[in-house]
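Thank you for making time this morning. I would like to walk you through one chain slowly, beginning with a term that we will need along the way.

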Amino acid sequence: MSINPDFAFSNISDLLPTSCKMMNAFSSEILKTRGGRIGSGMGTLLEALWGYMMNQALLENGHNIEIAWFANNQYNDFACLDKTAEWNENTRTGELFRIEAKSMNTGADESKAHFDVLHSELNEYDSLLILVWEWRNIESNYSSPQVVDAFFNLSIPITLLRDELHIARGCSFVDAHSCPDGCSPDNCKHHGEPLNAAGKRERLTGPEIRRPSNKVSYAANFGGLVRMLKTNNEAARSVFRSFRKNDKVADEYITFIHRLFPAEEASQYTVSELRTVATALGIKSAGLSASSLLDEIRQNPQYMQYIRDLLSQ
Ligand SMILES: [Zn+2]
């Protein structure tokens with residue numbers, strides 16, 4: 001009997017905490033190091049390790065689902081497969097969905113990783129995995145990379161939020177009928193490519209004539225895991241609030257990023273908005289600055305739900 005993608009997605013989602021615990025146990029044992037940092041390859045190593053540990057977790061739960069690696073350099077890092085089926089990565093036969101893995105170190109301002117896949121390149125159950133990790137002391141003089149938080153959910157709702165905010169910030173997407181490279185609409189490979197507010201291409205695959213300069217081939221800001229949530233005007237703030245209220249996946253993504261980057265949350269809301277939330281939580285808001293208000297609000301473990309429900313349109 002063939003496996004339903006929804007079933008596979010739910011199982012992987014349920015086993016995410018288990019896979020991270022297994023990673024941490026393995027890291028404490030094997031990836032422990034004394035002294036200096038191992039360096040920049042650690043995030044990539046952890047992303048791959050997740051695939052192994054998730055497979056182990058799936059096996060222990062008796063599922064006929066497995067995680068596979070792509071041999072070529074497609075954007076996706078993993079495919080979730082029906083174990084009993086033949087896999088053909090070109091036709092997607094045997095695949096239930098694909099998973100793009102990203103890692104973030106808590107010490108960095110923002111992950112170098114970009115979630116810049118186009119909506120049109122995704123299937124319904126294709127998912128985004130984000131592993132947040134940091135160096136932890138595990139015994140005297142030894143430290144090991146430990147996963148401290150993780151996100152796993154559907155990619156398409158996040159691309160919709162990302163793309164609407166991109167437009168609301170005054171940026172755009174190429175339309176094949178008016179491609180800057182002058183392609184005929186039938187042959188344009190640039191349709192849907194993001195351009196920044198200055199009209200420069202955000203990805204290497206965008207129109208050549210829109211490269212930022214002779215030296216810089218593309219802008220590469222599109223899809224920054226934190227940056228994609230920035231709002232710099234009323235229209236963007238309205239998109240942000242509407243998605244947060246109406247889309248469960250978008251809300252979960254925003255909650256995840258704001259938990260990791262509290263300054264992003266602070267910059268999103270006005271003093272009067274924070275006062276509304278404070279009042280609902282029974283906090284005396286008179287005379288408090290925005291940052292003091294937020295400090296008080298954050299004492300409530302459910303405060304993000306209040307922010308979402310009270311400040312959304
Ligand atoms: Zn074109």
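Let me start with what I mean by exposure: a residue counts as exposed if 12 or fewer other C-beta atoms lie within 10 Å of its own, as buried if there are 20 or more, and as partly exposed in between. Please also keep in mind that what you see on the screen is a predicted model.

With that cut-off in hand, we can turn to Asn141, which sits in the loop between strand S5 (127-139) and S6. Asn141 has 10 other C-beta atoms within 10 Å, and because a residue with 12 or fewer is called exposed, Asn141 is exposed. Its backbone also deserves a look, since Asn141 is not a glycine and yet has a positive phi of about 75°. To put that in context, most residues other than glycine have a negative phi.

A second case of this kind is Arg92, another residue that is not glycine, where phi is positive and near 70°. You will find Arg92 in the loop that runs between strand S3 (78-82) and strand S4 (95-105). Is Arg92 buried, exposed or partly exposed? The count of other C-beta atoms within 10 Å is 13, so Arg92 is partly exposed.

For the opposite situation, I would point you to Ser155, which is found in helix H3. Ser155 is buried, with 26 other C-beta atoms within 10 Å. If we set aside the neighbours within four places in sequence, the contacts of Ser155 are Glu100, Val117, Leu122, Asp126, Ser127 and Leu128. Take Leu122 from that list: it lies 33 residues away from Ser155 along the chain, and yet the two C-alpha atoms are separated by 7.6 Å.

Let us stay with helix H3 (residues 155-168) and ask how it meets helix H5 (residues 248-260). The axes of these two helices come within 8 Å and cross at roughly 75°, which means that H3 is roughly perpendicular to H5. On the H3 side the residues that take part are Pro157, Ile158 and Leu161, and they meet Val249, Ala250 and Tyr253 in H5. Sorted by class, this contact of H3 with H5 has six nonpolar residues, with no polar and no charged ones.

Now we can step back to the domains, of which the chain has domain 1 (5-154) and domain 2 (232-310). Their centres, taken over C-alpha atoms, are separated by 29 Å, and the contact takes five residues from domain 1 and five residues from domain 2. Which element gives the largest share of the side of domain 1 that touches domain 2? That is strand S6 (residues 142-154), with four residues. The residues on this side of domain 1 divide into three nonpolar, one polar and one charged.

Finally, a few words on the chain as a whole, which has nine helices and eight strands. Its C-alpha atoms fill a box of roughly 65 × 60 × 45 Å along the principal axes. For 313 residues, a compact globule would have a radius of gyration near 20 Å, and the 21 Å of this chain agrees with that. Of the 313 residues, 33% count as buried. Among contacts between residues at least 6 apart in sequence, 56% join residues at least 24 apart.

Terms used: Residues are numbered from 1 along each chain as its sequence is written. This is a predicted model: local features need pLDDT of at least 70, side-chain atom pairs count only at pLDDT 80 or more; totals for chains, interfaces and linings use all residues. Domain bounds come from an automatic or database domain assignment. Two residues are in contact if their C-beta atoms, placed from the backbone, lie within 7 Å. Ala, Val, Leu, Ile, Met, Phe, Trp, Tyr, Cys and Pro count as nonpolar, Asp, Glu, Lys and Arg as charged, and the others, Gly among them, as polar. Axes are lines fitted to C-alpha atoms, for helices over the stretch in contact, and angles run from 0 to 180 degrees between N-to-C directions. Angles under 35 degrees count as roughly parallel, over 145 as roughly antiparallel, 65 to 115 as roughly perpendicular and the rest as oblique. The radius of gyration is taken over C-alpha atoms; the globule rule is 2.2 Å times the number of residues to the power 0.38.
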